[in-house]
Amino acid sequence: MKILVCINQVPDTTSQINFTTDYKSFDPTGVQFVINPSDEAALIRAIQLKEQEGAHITLVHVGLSDSEPVLRKAFALGADEMIRIDTFPTDGYFVAQQLAVVAKDYPIIFCGRESLDYNGGMVGGMLATLLDYNFVDDVTAFSIEGEKVKVTRTIDGGKELLESSLPIVVGIQKELIPENEIRIPSMKGIMGARKAPLQLLSPIEAQSQPAIASLEKPQEKAPIKMISPDNLDELIDELHNKRKLF
């Protein structure tokens, strides 16, 4: 069984986010990058399948050389191969086109439902379309039974159980892996990952669809106004007349 796991790096949520002076790109200066949480969940599920049933796990990442530490940290969890496509990931469609070159050789492709940075949630579906593979998103459980897979996905108001043939692209939610099953790379794994071979691929010519006009941070929240619970008139005036909430 061959499983391809798509890995992306995202800023740590504690990092201070800034933009370049022209407000058209993210400024990575001083930012700590980590494995995208839903990608990490996808990798851990792949490793569980490897331990239970036997599997060969390949990691693939679209990014420049400065992203290799995150890729190698992911590898240290228990993957067998890693591939980096040497180009800057401009947008979801561009990334999907790059991944498709590698992914066509794998019957099972795991990717996170979305990345924590832009929350686009588009790469998995686009990749499946480019490959003409089956695709299931929002997956919270995944198992293999012979030549078929069974998945559980979240839907409005509940869950949906599905069965699919291979090949398939699976968009995994981080909730698939409970907190007590999250894995930390061992020191042996980290040392081995530092020396492990990394296959470097040149990017293909691919189309980028959107272009960023400008970026801006959310507006700062207004300061909290304290109103005495006995002063109902002021509370009503604040909510109804000033904030127009009802």
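How many Å should the twelve residues of helix α3 (residues 92-103) span at 1.5 Å a residue, and how far apart are its end C-alpha atoms? The expected span is 16 Å, and the end C-alpha atoms are 15 Å apart, which agrees. Please keep in mind as we go that this is a predicted model.

Let's stay with α3 for a moment. Eleven of its twelve residues are buried, so the helix is largely enclosed by the rest of the structure. Among those buried residues are Tyr 93, Phe 94, Val 95, Leu 99 and Val 102, together with Gln 97 and Gln 98. What do the buried residues of α3 pack against? Their neighbours are the strands β1 (2-6), β6 (56-62), β7 (81-85), β8 (108-112) and β13 (199-201), along with helix α4. At the N-terminal end of α3 you will find a cap provided by Asp 91, which places a side-chain oxygen 3.0 Å from the backbone nitrogen of Tyr 93.

From here we can move to the nonpolar interior. In soluble globular proteins, nonpolar side chains tend to be buried together. In this model, the largest nonpolar core has 37 residues, and the members that touch the most others are Val 5, Leu 59, Phe 110 and Phe 142. Two or more residues each come from β1, α1 (37-53), β6, α2 (68-75), β8, β9, β10 (148-155) and β12. Helix α1 makes the biggest contribution to this core, giving seven residues. Val 5 is a good place to zoom in: leaving aside residues up to four places away in sequence, Val 5 touches Asp 39, Ala 42, Leu 43, Ala 46, Ile 57, Thr 58, Leu 59, Val 60 and Phe 110. Another core, of 20 residues, lies apart from the largest one and includes Ile 83, Leu 99, Ala 100 and Val 169. Two of these names may look familiar, since Leu 99 and Ala 100 are also listed among the buried residues of α3.

Next, the cysteines. How many disulfides does a search of the whole structure find? The search finds zero. Cys 6 and Cys 111 show why: the sulfur of Cys 6 has its closest cysteine sulfur in Cys 111, at 5.4 Å, which is too far for a bond. A disulfide would need the two sulfur atoms within 2.5 Å. Both residues sit inside the protein, with Cys 6 buried at a relative accessible area of 7% and Cys 111 buried at 5%.

Charged side chains tell another part of the story, with 16 salt bridges in the structure. One of them joins Asp 80 and Lys 50, with N and O 2.8 Å apart. This pair links distant parts of the chain: Asp 80 is in the loop between α2 and β7, Lys 50 belongs to helix α1, and the two are 30 residues apart. Asp 80 is partly exposed, with a relative accessible area of 29%, and Lys 50 is partly exposed at 26%. Arg 113 and Glu 114 form a salt bridge as well, their closest N and O atoms being 3.2 Å apart. Here too the partners are partly exposed, Arg 113 at 30% and Glu 114 at 27%. In the salt bridge between Lys 174 and Glu 175, the closest N and O atoms are 3.8 Å apart. Elsewhere, salt bridges with shared partners tie Lys 225, Glu 234, Asp 237, Glu 238, Lys 242 and Arg 243 into one network.

Finally, take a look at the backbone. The peptide bond from Leu 166 to Pro 167 is cis, with omega near 0 degrees. Pro 167 lies in the loop that runs between β11 (158-165) and β12 (168-172). Which residues other than glycine have a positive phi? One is Asp 132, with a phi of about 60 degrees. Asp 132 is placed in the loop between α4 (123-131) and β9 (134-145), where it counts as exposed at 70% relative accessibility. Another is Lys 244, with phi near 55 degrees. Lys 244 belongs to the segment after α6 (232-242), and at 63% relative accessibility Lys 244 is exposed too.

Notes. Residues numbered from 1 in each chain as written. Predicted model: local features only at pLDDT ≥ 70, side-chain atom pairs only at ≥ 80, totals over all residues. Heavy atoms only, no water. Buried < 20%, exposed > 50% of the residue type's maximum accessible area, 1.4 Å probe, protein only. Helix = DSSP H or I, 4+ residues; strand = E, 2+ residues; numbered from the N terminus. Expected span 1.5 Å × (residues − 1). Contact = heavy atoms within 4.5 Å. Polar contact = N/O pair within 3.5 Å; in protein donor to acceptor, adjacent residues only side chain to side chain. Core = buried A, V, L, I, M, F, W, Y, C linked by side-chain atoms within 4.5 Å. Salt bridge = Lys/Arg side-chain N within 4 Å of Asp/Glu carboxyl O.
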